[in-house]
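Morning, everyone. I'll take a few minutes on the empty space inside this protein, pocket and cavities in turn.

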Amino acid sequence: MNAHIRTAPARTQIPGPAAPRRRPQLEPLALSAVRLDPASLLGGWQELNATATIPHCVDNVDRTGVIANFRRLTEEHPQQDFRGFWFADSDLYKTLEAIGWEMGRSGTDRWVPMLSELADLLEQVQKADGYLNTYVQGKPDEEPFSHPEFTHEFYCAGHLMQAAVALHRGGGDERFLAIARRVADLIVTAFGDDGRPIIDGHPEVETALIELYRETGEESYLHAAELQVERRGHGSLPAGRFGSQYYQDHLPVREATEAIGHSVRQLYLAAGVTDLYLENGDQTLLQAMEQLWDSAFGTKMYLTGGHGSRHRDEAYGDPYELPPDRAYAETCASIAALQWCWRMLLATGQARYAEEMERALLNAIAASIAHDGTAFFYSNPLQLRTGHDGSSEDAPSERLPWYDCACCPPNLARLYASLHGYAATSDATCLQLHLVAAGTFTAGNLTAVVETGYPWDGDVMVTVRGRGELAIRVPNWAAGATVDVTEGKVLAEPIPGDYLRVSCDDGATVRLTLPMTPRLVRADDRVDAVRGCVAIERGPIVYCVEQADLPEGILVEQLRLEPSATIVEEPGPDGVRLRLSALVSPLDAALYQPYASTSSTGTPIIVTAVPYQAWANRGPGAMRVWLPLA
């Protein structure tokens, strides 16, 4: 075993994916202080990620030439053509980050030989000044950082830094950390106060530099991130075909309070700006991020937690421009949204940020990966039409094993490997549970053992060891939630959208009961695309109707829901399914017909609704989240 790469580090406090040095409103728990029950939904996802998704990503970054892009730059291998998109290096780095978090979670040594070989390779390819980018290094006529709007050099460097931090925290690795620091040192030297004032067309390096600062204590990395934030929004990048808004280079960050442009870039930038606030305490940054959050989550987010309604530039549209069938809702955008919400939660302690983390995690993110963990959606529509041409990677009819632009699969892998790091926090007096999940959570002398079948079951039983205060988030939809406490005192009642707070003695039990009655929801009338339609939710889960559950000859497009009909719950292979009444409208012979009321006409039918997270696991077919009313 290489001496620089080891497993099962002796440290007992392993920081998670965001570990502020300056004390935030809420502090993340150490990864070793959280264990998700592998029999639970979230814990099961982590196990599947370890056994299926990470190995799948490793195989594919090798198969598609990502690793070969590094090898071709060594003396032992002849020069070959670069394979993949110019930012393909980042696919390897995200996979390495997933491995780092998984090593910290489970102590696995499965990847140690591969990590040693890759560290050798990266050290060999990295230039003396620290530069490392296989796309640019393989083009003799390309000067480094000469096309920052296009080449994603800072973006790739950022993912290398985050991989190095994860490998250092989770596996004790020093070599990748040294490689990443050489890249960061180059950025500090070449683009510092006296260097070239450039930014990257794809934000990401901001949060990475800050996390590298948190890991090493090197303040120049924090300052480099600050420069990236302050330089953005002054039109320094060529506008290109989509304009400066595409890069979030149209307004300075304190003035850019509307979510706009490429959604992943917008959300990564917001996470980085929030990270900067967490370290320097600049209230103007937090105020801008709160306004930006209200725009993104209050006027431009899909019911499932998806972001981005335009395929043309993978971007946010106008406020309330949320067509279900044209939803781009890139998987990476929902992951980035969760990461931003986590940082806003640490900064403010407000439950609304955890609420949106859960929405995205249990719906848009969960839907983007197949039940076997080895096939993925890039975009996540809320409607798939009968006859949809699913041959395009941008809008496939079913999940694909890999993509030419393969940013999403390894992004999912790194999220799931670190998922327990997003579940709970603490402050001076209290342990807070934000994601309701079965598992064990420890802060100081207080340990909470959670037993629950959530999100399918609303019964949440917590047994407490030690003394202290416990807070459990009560979801916005949970009106009528009740609590029963033994060996403790309720300090704050279970109000929806806030936290149940209990002062606990050793051996206390807290039983929170969340009502899981299915409900119909409507969109704001300004969401024109779904006017007159409703969606179905149960607990935090969004539902849809799939063609696979309809009789032959009846199309999803013919259904109109009976709003007053009873909804019946039944167990299913993918959680709780719902059965409800609808009318089947006849298909018209002509494209357009004279208007006639159809409110009470049609053939009655009982339809099955399945969790949106489970759709398309039975083959391609039409699907709808929003259904018209009878």
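What follows covers the largest pocket, then the two largest cavities. Keep in mind that this is a predicted model.

Let me begin with the pocket. The largest one has a volume of about 680 Å³. It is lined by 32 residues, and Phe87, Tyr246, His262, Arg265 and Glu314 are the closest to its centre. Which element gives the largest share of that lining? Helix H10, residues 263-280, with three residues. By class, the pocket lining has 17 nonpolar, five polar and 10 charged residues.

Now the enclosed spaces. Searching the whole structure gives five cavities of 30 Å³ or more. The largest cavity comes to about 160 Å³. Its lining has 17 residues, and nearest the centre are Pro17, Glu97, Gln162, Arg343 and Arg414. Several helices give two or more residues each to this lining, including H3 (89-106), H8 (205-216), H12 (331-348) and H14 (408-417). H10 is also one of these elements. The largest share, three residues, comes from H6. Seven of the lining residues are nonpolar, four are polar and six are charged.

Next is the second largest cavity, at about 90 Å³. Among its lining residues are Ser40, Leu41, Leu42, Glu358, Leu361, Leu362 and Tyr454. Two helices, H1 (41-63) and H13 (351-367), give two or more residues to that lining, and H13 gives the most, with three. How does this lining divide by class? Into 10 nonpolar residues, one polar and one charged.

That's what I have; questions are welcome.

Note on methods:
Residues numbered from 1 in each chain as written. Predicted model: local features only at pLDDT ≥ 70, side-chain atom pairs only at ≥ 80, totals over all residues. Heavy atoms only, no water. 1 Å grid on protein atoms, 1.4 Å probe; cavity = no way out; pocket = protein on both sides within 12 Å on 5 of 7 lines; lining within 4 Å. Points joined across faces, edges and corners; volume = space filled by probe spheres on them. Helix = DSSP H or I, 4+ residues; strand = E, 2+ residues; numbered from the N terminus. Nonpolar A, V, L, I, M, F, W, Y, C, P; charged D, E, K, R; others polar.
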